[in-house]
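Q: Please take a close look at a single part of this model and explain, in connected steps, how the residues there are placed. I am a first-year student, so a careful explanation would be welcome.

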Amino acid sequence: MTIYLLSIAVLPVLILAWVVYRQDKYEKEPFSMLLKAFVLGALCIPFAALTEQILSLFTPKMPIVEGIYTGFVVAGGSEEFFKLAMLVLAVWRSHYFNEYFDGIVYACFVALGFACFENISYIFGQNTFLDAMVTGSVRAVLSVPGHFLFGVTMGYYLALAKFASTHRMGYLFLAFFVPMLLHGTFDSLLMIPESMAAGREMVSVMLFCVLVWFDIKMWKWSVRRIHKLQELSEQQDFERKRLFQGFKWDF
């Protein structure tokens, strides 16, 4: 039973990690660096949890506003901040971060490390096996892919910051701000009904439909960002090969 629940928690993470690893076409990242990013992502959890507890003390006790505050500030703001902090700590100065698409790879591994251990805590924190199965199934479809998509966006802007000649700080800010907005919107659509005293069933159904639409949009945006950085990485790979061939010819 424990193995089954653990597989529900971990398998979606491993699948998405394999997917983004396969998309890295030109120079695969070493396993040690990927593991480092994954572990640092998991280490975000206690810092984010403590920050969320502090921020929760200031939650406004008003319907709808409470859900928006919890989604954007408590969850989205704190979690994406510490993910970015760990991501910068893990790879910003590394010589392995030498092409655009590396930003997405490392950011996704940080995000999936966070999602993996968050998943385990939620699933094994349930009172019954049935509740754990339901929680794990829902999170496999929504939460884990959500963290993955936030990671794609964060890595996209981090890569632009890494290789930018100008506006580097602006891209770094976007590496936090845009995933925070996506995360906050995602969580708010789920949390707004919880903050309502009446009529939550109808609102929940309506917002869930909006969430499905929003999730599809995020996938489309993420695929475009992946293709964009793959193109930029292809250009970098071409330039490296051209310079290397020229170096050998001159020698």
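**Buried positions and their partners**

A: V178 counts as buried, because its relative accessibility is 16% and the cut-off for that word is under 20%. The model is a predicted one, and every value below should be read in that light. V178 belongs to helix 7, which covers residues 168-191. When neighbours within four places in sequence are left aside, the contacts of V178 are T153, Y157 and R225. For T153, the separation along the chain is 25 residues, while the C-alpha atoms of V178 and T153 are 7.2 Å apart.

A further buried position is L229, whose relative accessible area is 0%. L229 is found in helix 8, residues 200-250. Not counting residues up to four places away in sequence, L229 touches Y100, F101, I104, G155, Y156 and A159. Of these partners, G155 lies 74 residues from L229 along the chain, and the two C-alpha atoms are separated by 9.7 Å.

Helix 5 shows how buried residues can be arranged along one element. This helix runs over residues 129-141 and has 13 residues; from its first C-alpha to its last it reaches 19 Å, close to the 18 Å expected at 1.5 Å a residue. Its buried residues are A132, T135, G136 and R139. Viewed down the axis of helix 5, these buried residues fall within an arc of 100 degrees, and therefore they line one face of the helix. The partners against which they pack are helix 1, helix 4 (100-124) and helix 6 (143-163). On the face turned away from the buried side, helix 5 carries the exposed residues L130 and V141.

One of the buried residues of helix 5, R139, leads to the question of charge. Side chains of opposite charge can pair when their charged atoms come close. R139 forms a salt bridge with E118, and the closest N and O atoms are 2.7 Å apart. This pair links distant parts of the chain, since R139 is in helix 5 and E118 is in helix 4, 21 residues apart. Both R139 and E118 are buried.

The count of salt bridges comes to 2. Another salt bridge joins the side chains of E80 and K83, at 3.0 Å from N to O. E80 and K83 are 3 residues apart in helix 3 (residues 65-91), so about one helical turn separates them. Here too the partners are buried: E80 has a relative accessible area of 0%, and K83 has one of 1%.

The surface offers a contrast to these positions. There, L11, L14, I15, W18 and V19 form a nonpolar patch, with about 480 Å² of accessible area together. V19 lies in helix 1, residues 2-22. With a relative accessible area of 31%, V19 is partly exposed. Helix 1 has also appeared above, as one of the helices against which the buried residues of helix 5 pack.

Note on methods: Residues numbered from 1 in each chain as written. Predicted model: local features only at pLDDT ≥ 70, side-chain atom pairs only at ≥ 80, totals over all residues. Heavy atoms only, no water. Patch = residues over 30% accessible without salt bridge, like charges linked within 9 Å, V, L, I, M, F, W, Y side chains within 5 Å. Areas by Shrake-Rupley, 256 points an atom, 1.4 Å probe, with all protein chains shown as cover. Salt bridge = Lys/Arg side-chain N within 4 Å of Asp/Glu carboxyl O. Helix = DSSP H or I, 4+ residues; strand = E, 2+ residues; numbered from the N terminus. Buried < 20%, exposed > 50% of the residue type's maximum accessible area, 1.4 Å probe, protein only. Expected span 1.5 Å × (residues − 1). Arc of directions from axis to C-beta. Contact = heavy atoms within 4.5 Å.
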